[in-house]
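Q: I'm new to reading protein structures, and I'd like a close look at a single part of this one. Could you walk me through the helix that gives the most to the main nonpolar core, and then show me how the rest fits around that picture?

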Amino acid sequence: MIKVSRDEIQKDSPHLPAVLKTSPDMKVLEHAIAGANIATKTILSSLSTGLGLTGAARFENSHRNDRPSTSTIAMMHYIPSDPSAKNIGHQKHTDISSLTFLFAEQWGLQVRPPGSKEFGFVEPRDGMAVINVGDSLRFASGHTMQSCIHRVVPLDPTEHRYSIAYFLRAENDTMFTDSEGRYITAGQWHDEKFFAFTSPPEVQALAPSSMILGGMTEEDAEAEVDTKDAPSPVVGATNLKEAVQVY
């Protein structure tokens, strides 16, 4: 996985891996981040309008380009793996971000809609993206919006799978109430959840119970059914030329 910070790439002399900094595709990367940033902030603006928000309460006003945030683009490569192994793909979680803008051409992303007992594959479609609501937007909306519980499970464990995701995150000093009732900053939530998510299970167990799933609850978690064997799409990706659907 390669990650590039939006704040870093905006600098006159960004600190990036040499393989990126000297690449003729550097401009492509800059434009990808800028385009994804514009698209996700446009969606935020539409959501603010739909919820009747005004002034400083509008979501986009806590996602300003000139204020520090952890907004990041991630380029992920899932290598072929043993289908019987336990640690493949990506464990179930919700994203730290306000919105996640995801591009993937291969099967692998699964979501578990609120109230559902099962995960289902999201069908990848040409020229389309998937938009996920993350923890920060859930908190900023007073828990009106729901974070998307999802994971990555390779449908074909013998193939190389690639995806690109842009994580639009609130300004670091944005304040909100998390699922534990704490009044914290977006930067603190990012650091705590990132640490927990990348830690071994015994360390994750020490984190607040709401950390990995952003406070989203799972009914009958013991009855969870794996859907690795058949591509059962539960939602189509978004056609960028038409309306944007947010899950």
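A: Of the 247 residues in the protein chain, 45% count as buried. Keep in mind that this is a predicted model. The chain's secondary structure comes to 6 helices and 13 strands. Among contacts with a separation of 6 or more, 75% are between residues 24 or more positions apart. As for the outside, the accessible surface is about 12800 Å², and 55% of that belongs to carbon and sulfur atoms.

Now for the core. In soluble globular proteins, nonpolar side chains tend to be buried together. Here the largest nonpolar core has 22 residues, and Val4, Leu29, Ile33, Leu99, Leu137 and Tyr166 touch the most other members. At least two residues each come from helix 3 (26–50), strand 4 (99–104), strand 7 (128–133) and strand 9 (161–168). Helix 3 gives the most, with 7 residues, so that's the part you asked about.

Let's check the length of helix 3 to begin with. At 1.5 Å a residue, its 25 residues should span 36 Å, and the end C-alpha atoms are indeed 36 Å apart, so the two agree. Next, which residues of helix 3 are buried? They are Met26, Leu29, Ile33, Ala36, Asn37, Thr40, Lys41, Ile43, Leu44, Leu47 and Ser48. Try reading that list with the helix geometry in mind. An α-helix has 3.6 residues a turn, so residues three or four places apart point the same way.

Zoom in on Ile33. Leaving aside neighbours within four places in sequence, Ile33 is in contact with Val4, Arg6, Ile9, Ile73 and Tyr166. Compare Gly35, which is also in helix 3. Gly35 counts as partly exposed because its relative accessibility is 35%, and partly exposed covers the range between 20% and 50%. The C-alpha atoms of Gly35 and Tyr166 are separated by 9.9 Å, although the two residues are 131 residues apart along the chain. Just after helix 3, Gly52 takes a positive phi of about 75°.

Two of the contacts of Ile33, Ile73 and Tyr166, lead us to the strands. Ile73 stands opposite Tyr166 in strand 9. Strand 2 (residues 72–78) and strand 9 pair in the antiparallel sense, over 7 bridges. Strand 2 also runs antiparallel to strand 1 (residues 2–5), and 4 bridges join them. Within that pairing, Ile2 stands opposite Met75 in strand 2. Strand 2 is mostly covered, with 5 of its 7 residues buried.

There's another core too, so let's move over there. Helix 5 (residues 186–197) has 12 residues and reaches 16 Å from its first C-alpha to its last, close to the 16 Å expected. Buried in helix 5 are Ala186, Gly187, Trp189, His190, Lys193, Ala196 and Phe197.

Which aromatic residues form one cluster? Phe139, Phe176 and Trp189 do. Phe139 and Trp189 are both buried. The whole structure has 4 aromatic pairs. One of them is Phe101 with Phe103, an edge-to-face pair at 5.0 Å centre to centre with 80° between the planes. Phe101 counts as buried because its relative accessibility is 6%, while Phe103, at 33%, is partly exposed. Phe139 and Trp189 form an edge-to-face pair as well, at 5.1 Å centre to centre and 85° between the planes. Phe139 lies in helix 4 and Trp189 in helix 5, so this pair ties together parts that are 50 residues apart in sequence.

Helix 4 (residues 135–140) also holds Ser136. Is Ser136 buried or exposed? Ser136 counts as buried, because its relative accessibility is 4% and the cut-off for buried is under 20%. Not counting residues up to four places away in sequence, Ser136 touches Ile96, Ser97, Ser98 and Phe176, and Phe176 is part of the aromatic cluster you just met.

One last stop is strand 8 (residues 149–152), which is covered on both faces: Ile149 and Arg151 are buried on one side, and His150 and Val152 on the other. Strand 8 runs antiparallel to strand 5 (residues 109–112), joined by 4 bridges. His150 in strand 8 is the bridge partner of Val111.

Key. Residues are numbered from 1 along each chain as its sequence is written. This is a predicted model: local features need pLDDT of at least 70, side-chain atom pairs count only at pLDDT 80 or more; totals for chains, interfaces and linings use all residues. Side-chain values use heavy atoms; hydrogens and water are left out. The expected span of a helix is 1.5 Å times one less than its number of residues. Buried means under 20% relative accessible area, exposed over 50%, partly exposed in between (1.4 Å probe, protein chains only). Contact means heavy atoms within 4.5 Å. Accessible areas come from the Shrake-Rupley method with a 1.4 Å probe; for residues, only the protein chains shown count as cover. A nonpolar core is a set of buried Ala, Val, Leu, Ile, Met, Phe, Trp, Tyr and Cys residues joined through side-chain atoms within 4.5 Å. Two strands pair if DSSP finds at least two bridges between them. Rings of Phe, Tyr and Trp (its six-membered ring) pair if their centres lie within 6.5 Å; planes under 30 degrees apart count as stacked, over 60 as edge-to-face and the rest as tilted.
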